[in-house]
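Thanks for coming, everyone. I'd like to walk you through a few spots in this model, so have a look at the structure first.

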Amino acid sequence: MENTTLGTTGPSVSRLGLGLMGMSGMYGPADRAESIATVHAALDRGVTLLDTGDFYGMGHNEMLLQEALRGRDRDRAVLSVKFGALRDADGAFLGVDLRPAAIKNFVAYSLQRLGTDHIDVYRPARISPEFPIEEVVGALSELVDKGWIRHIGLSEVSAETLRRAHAVHPVTDVQIEYSLISRGIEKDLLPTANELGVAVTAYGVLSRGLISGHWTPQAAAGDFRAHLPRFSGDALGHNLALVEALRTVADRKGVSVAQLAIAWVLGRGDGLVPLIGARRRDRLDEALGALDVTLDAADLAAIEAAVPADSARGDRYDPAQMRMLDSER
């Protein structure tokens, strides 16, 4: 597995990372044994970057990861953890809490659930105007000094917020959605990150399965995707037509739609690390196959013709969640 460095100050990580969110109910039921086997398979194939969040399954995801890492060399894994999101017993999101005392509380619980003495990259899941980014990063830098975390990351922030944060303490990476149908970072955030030497870890490279080539109406039944604008009404039919256009390109190339979409993100630069959300070993194998896909100028032109920038319909989240995204303000 080829490795890269997260920015100019971060750790060495695999060229693809594994996002674990889907293993804790966010996309419907997941098989615990298969989830752990998938993490093991990823580690055995050289995947080192493992991404989780303390609010994924209200701690379930971190405990699952601890179980998956039991008996493994902890130092061969790079653990990336998001924190700060508040949820109620029904799973609804209530906002974020980024007070310094809350940050210390969140990290203490995560260290316990993960069964480790440090987190490699720690990041607020969302930024709120009521918590100045300078104060948030200042509090995180104290955790670095204590050795509880090694690096500071951010998630879903604007270019301006990234600059302000980076001026307080080096930011290793920004985690944000990026795919063929989510290209908003190309205008401001991606150039700013490149300028500052900050990596981008891209989640949603298959747009939550929408552009995987495997999506069916049953796939999102009963999980939160059914309420997302891109998966609803006329937008869904339009977006699936884009996928079929992409499938034509993939078929000519002799690869799967998912591999083509992941390879496209991989080709956007060494400072960009895609996170794949595989919950099963067969999906992991398919995603890792993207590492062997080379796209030439003709391929890129065909992909662009099939899925032009801004061609998707529907926002990434529902209106309430969109208002929580600093990257969209």
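So, Pro-29: buried or exposed? Pro-29 is exposed, since its relative accessible area comes out at 83%, and the cut-off for calling something exposed is over 50%. Keep in mind that this is a predicted model. As for where to find Pro-29, look in the loop between β3, residues 17–19, and α1, residues 32–44. Now, which residue has its C-alpha atom 9.0 Å from that of Pro-29? That's Asp-223, and the two sit 194 residues apart along the chain.

Okay, on to α5, which covers residues 159–168. Its buried residues are Ala-159, Thr-161, Leu-162 and Ala-165. If you look down the axis of α5, those buried residues fall within an arc of 155 degrees, so they line one face of the helix. Turn to the face pointing away from that buried side, and you'll find the exposed residues Glu-160 and Ala-167. And what do the buried residues of α5 pack against? There are two helices in the list, α4 and α6 (189–196), plus the strands β9 (149–155) and β10 (171–177).

Let's stay with α4 for a moment, residues 133–146. The axes of α4 and α5 are 9 Å apart, and the helices pack at an angle of about 40 degrees. That's why α4 and α5 count as oblique to each other, and their crossing is right-handed. On the α4 side, the contact uses Ile-133, Glu-134, Val-137 and Gly-138; α5 brings in Thr-161, Arg-164, Ala-165 and Val-168. By residue type, you get four nonpolar, two polar and two charged.

Last stop is another helix pair: α7, residues 233–253, with α10, residues 297–306. Here the axes come within 8 Å and cross at roughly 160 degrees. Over 145 degrees counts as roughly antiparallel, so that's how α7 and α10 run relative to each other. The crossing of α7 and α10 is right-handed. From α7, the contact residues are Leu-242, Ala-245, Leu-246, Val-249, Arg-252 and Lys-253, and they meet Asp-299, Ala-302, Ile-303 and Ala-306 of α10. How many of the residues in this contact are polar? None; the set divides into seven nonpolar and three charged.

That's my tour, and I'm happy to go back to any of these spots.

Notes. Residues are numbered from 1 along each chain as its sequence is written. This is a predicted model: local features need pLDDT of at least 70, side-chain atom pairs count only at pLDDT 80 or more; totals for chains, interfaces and linings use all residues. Side-chain values use heavy atoms; hydrogens and water are left out. Axes are lines fitted to C-alpha atoms, for helices over the stretch in contact, and angles run from 0 to 180 degrees between N-to-C directions. Helices (H or I, at least four residues) and strands (E, at least two) are DSSP runs, numbered from the N terminus. Angles under 35 degrees count as roughly parallel, over 145 as roughly antiparallel, 65 to 115 as roughly perpendicular and the rest as oblique. A crossing is left-handed if the near helix is turned anticlockwise from the far one by less than a right angle, and right-handed if clockwise. Contact means heavy atoms within 4.5 Å. Ala, Val, Leu, Ile, Met, Phe, Trp, Tyr, Cys and Pro count as nonpolar, Asp, Glu, Lys and Arg as charged, and the others, Gly among them, as polar. Buried means under 20% relative accessible area, exposed over 50%, partly exposed in between (1.4 Å probe, protein chains only). The arc is that of the directions from the helix axis to the C-beta atoms.
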